[in-house]
Amino acid sequence: MKISLIAVGTRMPAWVNDAVEEYRRRLPGDFSLMLKEVPMAPRGRNADLRRALQQESRGLLARVDARDTVVALDVGGQRHSTESLARRMESLRHEGTDLALLIGGPDGLDERCLQRATERWSLSDLTLPHPLVRVVLAEQLYRVWTVLQGHPYHRQ
């Protein structure tokens, strides 16, 4: 299974890049994680937010393969425990599908991304800064893989 983490933003702090890379490196080839970045649309006092979200949406969706199962990270999405996420990922793996996880910028995702997604997941009821979402998601994907392998990293 190939997992594409497709995120708005190209200039992340080093600690974000280092953390995502650490978890990406730990995952095996048959559960690989790739980070694909999309530039954030310009924002300013007089910026058209709708147009900015549409621009980001085009960039995100351009990086999705037509055969991917698409999941939008959205505050209103389904919440998973680690165990239920592991079951879902195992199901996707058995279906032979690759996964594209869409992470919006500070203003979220455009409606086109939400419509393209077959699922919406929420990491928390808290509002998380989009750079931190990358780290949390990468760690959870590693944790899910360890659960599926029976590895002791995850403790019940």
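The exercises below work through the fold, strand pairing, helices and selected residues of a predicted model.

**Exercise 1. Overall fold**

Task: State how many helices and strands the protein chain has, and in what order they run.

Solution.
- Step 1. The protein chain holds five helices and five strands.
- Step 2. Read from the N terminus, the elements follow the order β-α-β-α-β-α-β-α-β-α.

**Exercise 2. Dimensions and burial**

Task: Compare the radius of gyration of the protein chain with that of a compact globule of 156 residues, then describe the extent, surface and contacts of the chain.

Solution.
- Step 1. The globule rule, 2.2 Å times the number of residues to the power 0.38, gives a value near 15 Å for 156 residues.
- Step 2. The protein chain has a radius of gyration of 15 Å, so it agrees with the value for a compact globule.
- Step 3. The C-alpha trace spans about 50 × 30 × 30 Å along its principal axes.
- Step 4. The exposed area of the protein chain is about 8500 Å², and 49% of this area comes from carbon and sulfur atoms.
- Step 5. Buried residues make up 46% of the 156 in the protein chain.
- Step 6. Among contacts with a separation of 6 or more, 84% are between residues 24 or more positions apart.

**Exercise 3. Pairing of the strands**

Task: Work out which strands pair with S3, in what sense, and over how many bridges; then treat S1 and S2 likewise.

Solution.
- Step 1. S3 (residues 69–79) is parallel to S4 (residues 99–103), and four bridges join the two. Across this pairing, Ala-72 is opposite Leu-102 in S4. The connection from S3 to S4 passes through helix H3 (residues 82–95), and the resulting β-α-β crossover is right-handed.
- Step 2. S3 is also parallel to S5 (residues 119–122), with five bridges between them. Here Val-71 has Glu-119 in S5 as its bridge partner.
- Step 3. S1 pairs with S2 (residues 32–38) over seven bridges, in the parallel sense. One of the partnerships is Val-8 with Val-38 in S2. Helix H1 (residues 14–26) carries the chain from S1 to S2, again as a β-α-β crossover that is right-handed.

**Exercise 4. Helices H3 and H5**

Task: Check the end-to-end span of H3 and H5 against 1.5 Å a residue, and describe how each helix is placed.

Solution.
- Step 1. The expected span is 1.5 Å times one less than the number of residues. For the 14 residues of H3 this comes to 20 Å, and its end C-alpha atoms are 20 Å apart, so the two values agree.
- Step 2. For the 20 residues of H5 the expected span is 28 Å; the end C-alpha atoms lie 29 Å apart, which agrees.
- Step 3. In H3, the buried residues are Thr-82, Ser-84, Leu-85, Ala-86, Met-89 and Leu-92. These residues pack against S1 (2–8), S3, S4, S5 and H5.
- Step 4. Because 15 of its 20 residues are buried, H5 is largely enclosed by the rest of the structure.
- Step 5. Gly-96 follows H3 and has a positive phi, near 75 degrees. Gly-150 follows H5, and its phi is positive as well, near 75 degrees.

**Exercise 5. Three individual residues**

Task: Decide whether Ala-100, Asp-110 and Arg-143 are buried or exposed, and list their contacts beyond four places in sequence.

Solution.
- Step 1. The cut-off for a buried residue is under 20% relative accessible area.
- Step 2. Ala-100 belongs to strand S4. Its relative accessible area is 0%, so Ala-100 is buried. The residues it touches, apart from those up to four places away in sequence, are Ser-4, Ile-6, Val-64, Asp-68, Thr-69, Val-70 and Val-71. Ala-72 is 28 residues away from Ala-100 along the chain, and the C-alpha atoms of the two are separated by 8.4 Å.
- Step 3. Asp-110 sits in the loop between S4 and helix H4 (111–116). Its relative accessibility is 12%, and therefore Asp-110 counts as buried. Beyond its neighbours within four places in sequence, Asp-110 contacts Leu-53, Gln-54 and Ser-57.
- Step 4. Arg-143 is part of helix H5 (residues 130–149). With a relative accessibility of 19%, Arg-143 counts as buried. Leaving out neighbours within four places in sequence, the contacts of Arg-143 are Thr-82, Tyr-153 and His-154.

Note on methods. Residues are numbered from 1 along each chain as its sequence is written. This is a predicted model: local features need pLDDT of at least 70, side-chain atom pairs count only at pLDDT 80 or more; totals for chains, interfaces and linings use all residues. Side-chain values use heavy atoms; hydrogens and water are left out. Two strands pair if DSSP finds at least two bridges between them. A crossover is right-handed if, with the strands pointing away from the viewer, the path from the first strand over the helix to the second runs clockwise. Buried means under 20% relative accessible area, exposed over 50%, partly exposed in between (1.4 Å probe, protein chains only). Contact means heavy atoms within 4.5 Å. Accessible areas come from the Shrake-Rupley method with a 1.4 Å probe; for residues, only the protein chains shown count as cover.
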